[in-house]
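Colleague: I should be grateful for a close look at one part of this model, namely a place where two helices meet. Please explain it in terms that a first-year student can follow, and then set it in the context of the chain.

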Amino acid sequence: MEENKEQILLERLLMKDEAAWKELFGAYSGNLTYVCSRYIAEKEDVHDVLQNSFIKMFHSIKSFEFRGSGSLRAWMTRIVVNESLQYIKQKADFRSTIEVEDLPEIPNEEEPDFEEIPRAAIMKMIQSLPDGYRTVFNLYVFEKKSHKEIANILGIAENSSASQFHRAKGLLVQKIKEFKNVKKTQYE
């Protein structure tokens, strides 16, 4: 049986092969930047969090357990998400923005319809959400966390997580409609 490329790369990483680290960075930095950018809007901050993530990977690679194809990528993604969340929680105003309950309710119960919208435009819409909304939305949609898990991760009430998610969806529905209206008028 042919040894998996990921497993061979891992073996080289464990031997502290500098070229292997460069290869890892080249192969995965784009995807990991995308993951980090879902949580953090500012490019400079994304760069800092990614750098911290790669440092953490370097220091903890010995504890990584290969579990088949894709496990290295999943491990690295988990580190980037955790580092992103740690960065967000360290921001002084994060707790106050996520606990705000006096914002107007968004009555829209529609689901966001991302069909026919480029990935880059979707990313910009998600990045434009307020920090709390964006964080809860990402954890719920991309990381498949329950509102109870999100509440524990962020140190907020479970109903606050559900409320933030509901509001994030409502804002995304509005942004999608605006995007589609702009596109529609461009073609008329």
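**The crossing of α7 and α8**

Modeller: In this predicted model, helices α7 and α8 cross in a right-handed sense. The contact draws on T135, V136, L139 and Y140 from α7, and on H147, I150, I153 and L154 from α8. Sorted by character, the residues of this contact comprise six nonpolar, two polar and no charged. As to geometry, the axes of the two helices come within 10 Å and cross at roughly 130 degrees. An angle counts as roughly antiparallel over 145 degrees and as roughly perpendicular from 65 to 115. The angle of α7 and α8 belongs to neither class, and the two helices are therefore oblique to each other.

The link between these helices also deserves attention. Helix α7 covers residues 131–141 and α8 covers residues 147–154, and K144 lies in the loop between them. Which sign does the phi of K144 have? The phi of K144 is positive, about 60 degrees, although K144 is not a glycine. For context, most residues other than glycine have a negative phi. K144 has a relative accessible area of 66%, and because exposed means over 50%, K144 counts as exposed.

A second loop offers a parallel case. K16 is placed in the loop between α1, residues 5–14, and α2, residues 18–39. The phi of K16 is near 60 degrees, again a positive value in a residue other than glycine. With a relative accessible area of 40%, K16 is partly exposed, because this value falls between the limits of 20% and 50%.

A residue within a helix completes the picture. E83 is found in α4, which spans residues 71–90. Is E83 buried or exposed? E83 counts as buried, because its relative accessibility of 11% is under the limit of 20%. Leaving aside residues up to four places away in sequence, E83 touches V49, N52, S53 and K56.

Finally, the chain as a whole may be considered. The chain contains nine helices and zero strands. Of its 188 residues, 40% count as buried. The chain exposes about 11100 Å², of which carbon and sulfur atoms supply 53%. Among contacts between residues at least 6 apart in sequence, 74% join residues at least 24 apart.

Note on methods:
Residues are numbered from 1 along each chain as its sequence is written. This is a predicted model: local features need pLDDT of at least 70, side-chain atom pairs count only at pLDDT 80 or more; totals for chains, interfaces and linings use all residues. Side-chain values use heavy atoms; hydrogens and water are left out. Helices (H or I, at least four residues) and strands (E, at least two) are DSSP runs, numbered from the N terminus. Buried means under 20% relative accessible area, exposed over 50%, partly exposed in between (1.4 Å probe, protein chains only). Contact means heavy atoms within 4.5 Å. Accessible areas come from the Shrake-Rupley method with a 1.4 Å probe; for residues, only the protein chains shown count as cover. Axes are lines fitted to C-alpha atoms, for helices over the stretch in contact, and angles run from 0 to 180 degrees between N-to-C directions. Angles under 35 degrees count as roughly parallel, over 145 as roughly antiparallel, 65 to 115 as roughly perpendicular and the rest as oblique. A crossing is left-handed if the near helix is turned anticlockwise from the far one by less than a right angle, and right-handed if clockwise. Ala, Val, Leu, Ile, Met, Phe, Trp, Tyr, Cys and Pro count as nonpolar, Asp, Glu, Lys and Arg as charged, and the others, Gly among them, as polar.
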